[in-house]
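I opened this notebook to record what I looked up in the structure, entry by entry. The topics are burial, salt bridges, the sheet and some backbone angles.

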Amino acid sequence: MFDSHTITAILVLLLAARVVYGAFLSWYRLRIFPGPFIAAISKLWIVRGVLNKTLHLDLKRVCEEYGSFVRVSPNDIVTDNLDHVLAMSSVRSPYGRSEIYSNVKFDFEMDHVFSERNEGRHQELRRKLAAGYSGKENTHLEAGIDGQIRVLLDLIDSKYLYTESQRRTLEFSRLAQFFTLDVITEVAFGQAFGFLSRDEDINGYCHVAEQALPIFEWLGVFGTLNRMIRLPGIRNLTMPRPTDKTGVGMMMGYAKKVVEERFDSTKVPREDMLGSFERHGLSKREAQTEATLQIMAGSDTTVTALRSTLLFIMTNPIIYAKVQQELDADYRNHPNDILTEQGVISDAATQRLTYLRACIRESIRMLPPAFAMLQKQTPPEGDVLPDGRVIPGGTRVGTCVYGIVRSKAIYGEDADVYRPERWIEAENAASLEPEARSNSSSAKAKFRRMTQGTDIVFGSGRYQCLGKTVAMFELRKTLATLLHRYDIVSVNPSQPWVSIPANGLLLQSDMWVKVTKRGAK
């Protein structure tokens, strides 16, 4: 008979053997892909990046150190190879969405277009939504955005303008969040939620939503935890509900109410996004889920691009001067069509503002509004890379967004420098080049490559962000109007804001600025 000490020793050895064997299996499956050693046997490498708020930069660093395909966890590879990223999302790609997308499913019963993993239903949803997001069927798109820009201008003029008699400052990150929330609810449902008109975080939505982002980030790391909190009995305690008075649940309730009213069979669909969805066959139940997604996704990323572009411009006097000179010249040359009835720079005018558009592009490149890996999953048969290496079936392959948008091979040796001129130079060279010269090393190919690299922030192919067109439309008009009307400077240039990564997005605050009215143009 074995004594208790012997039995304990045997059990400890068996457990140790099981741990070692499990670690060996984890390492063996993706052994041909280099990476940090700890990443081969656990998720600790990713956990460290999440804790330190540096995961996006860590991913870029390991791609530079180990190559374009790097193992970052037992079943995760990250790549900064733009061609492979584009191929994974192409129409005929055998790759699918990984379970990481389920983390952003906030409805117990139904996926929205961003969380849906079933390719058939995903494409069907995109078909129903595409026309509304494109703006083609939204006849009041520009007027709706103009109306909210007007509310923003009036609020700044009445409450936040810096004058000799009233030396006031503005926390722009907060006001920008209110603005983008009101814009998306206006253009989507024909009625703004009212954050700007009340100049307050209604029912604490922004505060609660920001608190939730780090939680979603951890759910992305530990998929088992994500599945647990969605189990019946637990999800009622952990997940948002339309009856909630604050946060995401409050917005779910608002979206549900609007859709209920709009899908009344006696009413004719309006000429806005929700009306387009209804005309193209989106059911009321689907519309409730998609409407909530519109509010959340349609404001968080756009507001980051708005803040970052303004910051890059106002902290660089030479760039700021060029932007305002371009605006003033257009005002003098096209006095009859530069402003809309609301006193907002028209979309037609923004198309002429080459330098401002380059600034927006460069800002999105330098500080991507969304930079999560958003892993796709290899098909059961795996995938063969051009160098002959095989990625096994069921492996998650993520995108190293920072590795692409800061690539010196794509953007030049000064890829880490904010320089809007690179876009104008590349586009001019491409337009002057004869068609016969169009090859992989041509100016046209270079400009196309730069555009593809920056656009990866919006996804690509069958997964490209549906709201990209509306977001860029909103950014152009808002920034043009603000910079034409005001001089804006940072109150504290040594620390112009607080910007913290969370779940592939940026939590930004304390962006204090001084806003003064500009003189005659």
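I took buried to mean under 20% relative accessible area, exposed to mean over 50%, and partly exposed to lie in between. I note at the outset that the model is predicted.

Entry 1: Arg422 and Asp414.
I looked up Arg422 and found a relative accessibility of 3%, so I entered this residue as buried. Arg422 forms a salt bridge with Asp414, and their closest N and O atoms are 2.9 Å apart. I entered Asp414 as partly exposed because its relative accessible area is 25%. I then asked which residues are linked with these two in a network of salt bridges. The network holds Glu362, Arg365, Asp414, Arg419, Arg422 and Glu425.

Entry 2: the salt-bridge count.
I asked how many salt bridges there are under the rule of a side-chain nitrogen of Lys or Arg within 4 Å of a carboxyl oxygen of Asp or Glu. The count comes to 38. As background, I noted that side chains of opposite charge can pair when their charged atoms come close.

Entry 3: Arg174 and Asp199.
I found a salt bridge between the side chains of Arg174 and Asp199, at 3.2 Å from N to O. Arg174 belongs to helix H8 (residues 172-189) and Asp199 to the loop between H9 and H10, so this pair ties together parts that are 25 residues apart in sequence. I checked both partners for burial. Arg174 is partly exposed, at 32% relative accessible area, whereas Asp199 is buried, at 7%.

Entry 4: Arg476 and Asp347.
I recorded a further salt bridge, between Arg476 and Asp347, with the closest N and O atoms 3.0 Å apart. Arg476 sits in helix H23 (residues 468-485) and Asp347 in helix H17, so the pair ties together parts that are 129 residues apart in sequence. I entered Arg476 as buried, with a relative accessible area of 14%. Asp347 also has a value under the 20% cut-off, namely 15%, and therefore counts as buried. Helix H17 covers residues 347-350. I then asked which residues Asp347 touches, not counting those up to four places away in sequence. The contacts of Asp347 are Glu142, Phe473, Arg476 and Lys477.

Entry 5: the sheet.
I traced an open sheet of five strands with mixed pairing, in the order S1-S2-S8-S5-S3. Its edge strands are S1 (69-73) and S3 (96-97), each of which pairs on one side only. S3 is joined to strand S5 (residues 376-377) by two bridges, and these strands run antiparallel. I looked up the bridge partner of Arg97 in S5 and found Lys376. I also noted that H4 lies across S1 and strand S2 (76-79), and that H4 runs at about 130° to S1.

Entry 6: positive phi angles.
I looked up Lys53, a residue other than glycine, and found a positive phi near 60°. Lys53 is placed in the loop between helix H3 (44-52) and helix H4 (55-66). At 31% relative accessibility, I entered Lys53 as partly exposed. Asn203 is not a glycine either, and its phi is positive at about 55°. I located Asn203 in the loop between helix H9 (195-198) and helix H10 (205-221). Is Asn203 buried, partly exposed or exposed? Asn203 is partly exposed, at 44% relative accessibility.

Note on methods:
Residues numbered from 1 in each chain as written. Predicted model: local features only at pLDDT ≥ 70, side-chain atom pairs only at ≥ 80, totals over all residues. Heavy atoms only, no water. Helix = DSSP H or I, 4+ residues; strand = E, 2+ residues; numbered from the N terminus. Buried < 20%, exposed > 50% of the residue type's maximum accessible area, 1.4 Å probe, protein only. Contact = heavy atoms within 4.5 Å. Pairing = 2+ DSSP bridges. Axes fitted to C-alpha atoms, helices over the stretch in contact; angles between N-to-C directions.
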